[in-house]
Amino acid sequence: MVIKIQRGAATCRTPVGYNEIKVAQGTAMVVGVSNMDGDSIATVLRTFDEYENNPAVSAKTRNMAFHMSINPGAGERMDDGTVMKLSSEVMSRLGYGNQPFIVYRHQDTDREHFHLVSVRVDRDGRVISDSHERRKLQAIMKELGPRYGFVIGKETGRKEEKTPDLILRFNPDAGNRALQMEAITRGCLSYSFSTEKQFELLLARYGVRIIRNETPSGERMMLQGLDRKGKPVGRPLNAGDLGFNLKDELGRRLEEGKRELPAKHQERGRIRSTVLSCLGYSTSQLHFERMLEKKEISAAFSRNPSGEIFGVTFIDHKGKCVFKGSELGPEISAGLFRNAEEAGHWNSRAKDKSRDVVVNNMPEEKEPEKDVSEKVAARVAESFLEGDGVSRERDIRKKQKRRKGLKI
């Protein structure tokens, strides 16, 4: 058995939303709750909200959610009573004995596993210490393992479950659309970004768009789901129906992002080197985007009415940050990708225009004027095309041979 404490979230609504979407899809079910009045979604969210919204909670508290997965090994079986008993004992020894929690059984992989969600602040608004929490958990399980008949830390013939990203793309067929959009919005607010445009691109990546309407009382914000082709589906959700004030939270995260992004030197360097490497081997925009996705990076291109690229934004899901291409360095500008298309480095435009459709649904930015950085980018793009008539395929084979023969 492997028990793992997952990465925290700003609110319990994020992991609860992730699990409830699985329930709606028929791949998960509620096992039970503790220290709650019931197991309905309304009761669960109301209970967690009461703890999180306590005025005594410090404004410096960032991660409210406690999220743990319980992964039985091959041949190990747990009925509802056993998993609730084990969960209660583990939570009590970690210092969460009086905290409300809910346990879900998941059947979306080749074996059953469980997810437990609780809250990290108590009824008095005090944060429960997480000092050496994972080390304590290992010691607890070594003691409890023999009692429950489990082999701790081993799963014979199986790999430990890789925890999925808690931000799941909007699925119009999964039900609970309002809860989905709230979970996605909260998850996207945990990224570092510097403009509202970047936040909207990030939301669009997960299938949600923001609609802004001017009313006599001021601007009104609404959220609407998008299908895989970027087309709106269903009725918009009033941002005021979310469990938080989106306008205020967005403003706060914009200010924090402007302070956080300049310090992300490692992430910026990783994105820049990955982008240049993938561009050197890609044959189309779609191919380039798919190569980046394998490195946990998304690219969003902006095009003018004539189809010409005038902007590109990169979303680093590993470092949870968003950068304009020009913020990565003068060589990563729109001109680099425009020249790659025009000069034939990208042999053909991707047939799947879904990503461009999503971007085109976003508010348009003014096309920037060409400057010195674009000239630099043009020279970089030309460097990919040099070879005295040697074909692109032959050039790739030469690079592969050099890599096999040399270790740099």
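**Strands, sheets and aromatic rings in a predicted model**

A count of disulfides in this structure, which is a predicted model, comes to zero, with a disulfide taken as a pair of cysteine sulfur atoms within 2.5 Å. For readers new to the term, a disulfide is a covalent bond between the sulfur atoms of two cysteines. Two of the cysteines can be described further: cysteine 12 has 0% relative accessibility and counts as buried, and cysteine 188, at 0% relative accessibility, counts as buried too.

A good place to begin looking at the strands is E3, which spans residues 65–71. Seven of its seven residues are buried, so strand E3 is largely enclosed by the rest of the structure. Ala65, His67, Ser69 and Asn71 point one way from the strand, while Phe66, Met68 and Ile70 point the other way. Strand E3 pairs with strand E1 (residues 2–5) through four bridges, and the two run antiparallel; here isoleucine 5 stands opposite methionine 68. Six bridges link E3 with strand E5 (residues 113–119), again in the antiparallel sense, and isoleucine 70 has phenylalanine 114 of E5 as its bridge partner.

Further along the chain, three strands make an open sheet in the order E6-E7-E8, with antiparallel pairing. Strands E6 (208–215) and E8 (232–238) stand at the edges with a single partner strand each, so one side of each is left without a neighbour in the sheet. From one strand to the next, the twist averages 30°. E6 and E7 (residues 218–226) are joined by eight bridges, and isoleucine 210 has leucine 223 in E7 as its bridge partner. Helix H6 (residues 196–205) packs on this sheet, where it touches E6 and E7, and its direction makes about 135° with that of E6. Elsewhere, the charged end of arginine 205 sits over the ring of tyrosine 206, at 4.8 Å from the ring centre.

Aromatic rings complete the picture, with six aromatic pairs found in the whole structure. The rings of phenylalanine 288 and phenylalanine 337 have centres 5.5 Å apart and planes at 50°, so this pair is tilted. Phenylalanine 288 belongs to helix H9 (residues 285–294) and phenylalanine 337 to helix H10 (residues 334–342), so the pair ties together parts that are 49 residues apart in sequence. Both of these residues are buried. Phenylalanine 337 also pairs with phenylalanine 301, in an edge-to-face arrangement with 5.4 Å centre to centre and 80° between the planes. Phenylalanine 301 lies in strand E9 (residues 297–303), so its pair with phenylalanine 337 in H10 ties together parts 36 residues apart in sequence. Phe288, Phe301, Phe314 and Phe337 form one aromatic cluster.

Methods
Residues numbered from 1 in each chain as written. Predicted model: local features only at pLDDT ≥ 70, side-chain atom pairs only at ≥ 80, totals over all residues. Heavy atoms only, no water. Buried < 20%, exposed > 50% of the residue type's maximum accessible area, 1.4 Å probe, protein only. Pairing = 2+ DSSP bridges. Axes fitted to C-alpha atoms, helices over the stretch in contact; angles between N-to-C directions. Contact = heavy atoms within 4.5 Å. Phe/Tyr/Trp six-rings, centres within 6.5 Å; stacked < 30°, edge-to-face > 60°. Lys NZ or Arg CZ within 6 Å of the ring centre and 35° of its normal.
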